[in-house]
Amino acid sequence: PTDLASITKLPDVAAQLLGTEPALLDITGGQVMMRNEPDSPRLGLGEIAAALAPASPTRKGREPGLSADGWFEVKHMTYPYGVHIAVISIDRHTGAAKVERFFVAYDVGRAINPMLVEGQIMGGVAQGIGGSLYESFNYDERGQPLSVTFAEYLMPTAHEVPKVEVLLREDAPSPRNPLGVKGAGEAGVNGVGAAVAAAIDAALGQPGAVTVLPFTPERVLEAQSRERT
């Protein structure tokens, strides 16, 4: 980007390496070259950064490294939007609910690092499955906590969490920041409870059966008994 020209050291070092004056240089496509001379020698930004390494003889007393800092603040949230879809099977004998498939589609405006965003969404889904089916703080009649170890406080493992299918979209970049990015931190977890509840309702054939989370096997069996009565 052209704003890299604001880095004082960049044109200075490039001019030194190319044997010219900083004012005669342009930055195009991540490379520094002579202005209006497309066939002239050019340098990549990585080469210029290497010339500023601490032990580089071309550094000549300059501070090591080639970097720039910038700040942007927006007063309004930049919301993503998307959908969660869960497929769940119910064991009628034990009440255990198993997540067979889970699909998430989200428009995050712009995914600067798609793999990182997908991983964040997958981790959020795992957290949401835990809160929807397993994780519960329980107390006895005297108010003493019963969920004091991982033997009583259940968490999903790789066995309980299916492969999460993620579809990232960049259809509507945010107009509220230069990059068009939107929030993705909560995209993986905030819809899981509703998707799981709807899937269990469908599996039981009882719309509105799930009114509280986590919907444990005991609650599944209770819902089945209500259905029979």
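**Close-up 1. Gly19 follows helix α1 in this predicted model.** The phi of Gly19 is positive, near 70 degrees. The helix before Gly19, α1, spans residues 9–18, and its buried residues are Lys9, Leu10, Val13, Ala14 and Ala15. A helix has 3.6 residues a turn, so residues three or four places apart point the same way. With that in mind, it is worth picking out Leu10, Val13 and Ala14, which are among the buried residues here.

**Close-up 2. Helix α1 lies across β1, β2 and β3.** The helix runs at about 110 degrees to β1. If you look for what covers the buried residues of α1, you will find β1, β2, β3 (42–44) and α2 (45–51) included.

**Close-up 3. Strands β1, β2 and β3 form an open sheet, in that order.** The pairing in this sheet is antiparallel. Its edge strands are β1 and β3, each of which pairs on one side only. From one strand to the next, the twist averages 25 degrees. β2 and β3 are joined in the antiparallel sense over 3 bridges, and Val32 has Leu43 in β3 as its bridge partner.

**Close-up 4. β1 and β2 form a hairpin with 2 residues between them.** Strand β1 covers residues 25–28, strand β2 covers residues 31–34, and the two pair in the antiparallel sense over 4 bridges. Thr28 has Gln31 in β2 as its bridge partner. In the turn sits Gly29, with a positive phi of about 60 degrees. In a regular strand the side chains alternate between the two faces of the sheet. You can follow this along β1: Leu25 and Ile27 point to one face and are buried, while Asp26 and Thr28 point to the other and are not buried.

**Close-up 5. Strands β4, β5 and β6 form an open sheet with mixed pairing.** The order is β4-β5-β6, and the edge strands are β4 (81–90) and β6 (164–169), each pairing on one side only. Neighbouring strands here are turned by 10 degrees against each other on average, direction ignored. β5 (residues 97–107) and β6 pair in the parallel sense over 6 bridges. To find your place in that pairing, look for Tyr106, which stands opposite Leu168 in β6.

**Close-up 6. Helices α3 and α4 pack on the β4-β5-β6 sheet.** Helix α3 (residues 114–134) touches β5 and β6, and its direction makes about 135 degrees with that of β6. Helix α4 (residues 192–204) touches β4 and β5, and its direction makes about 40 degrees with that of β4.

**Close-up 7. The largest nonpolar core holds 33 residues.** Within this core, Ile88, Phe102, Ile121, Val125, Ile200 and Leu204 touch the most other members. At least two residues each come from β4, β5, α3, β6, α4 and α5 (217–228). Helix α4 supplies the largest share, 7 residues. Val125 is a good place to zoom in: leaving aside its neighbours within four places in sequence, Val125 is in contact with Phe102, Val104, Val164, Gly188, Val189 and Val192.

**Close-up 8. A second, separate core has 12 residues.** Among them are Leu10, Ala15, Ala51 and Leu52. Leu10 and Ala15 take us back to helix α1, where both are buried.

Key: Residues are numbered from 1 along each chain as its sequence is written. This is a predicted model: local features need pLDDT of at least 70, side-chain atom pairs count only at pLDDT 80 or more; totals for chains, interfaces and linings use all residues. Side-chain values use heavy atoms; hydrogens and water are left out. Buried means under 20% relative accessible area, exposed over 50%, partly exposed in between (1.4 Å probe, protein chains only). Two strands pair if DSSP finds at least two bridges between them. Contact means heavy atoms within 4.5 Å. Axes are lines fitted to C-alpha atoms, for helices over the stretch in contact, and angles run from 0 to 180 degrees between N-to-C directions. A nonpolar core is a set of buried Ala, Val, Leu, Ile, Met, Phe, Trp, Tyr and Cys residues joined through side-chain atoms within 4.5 Å.
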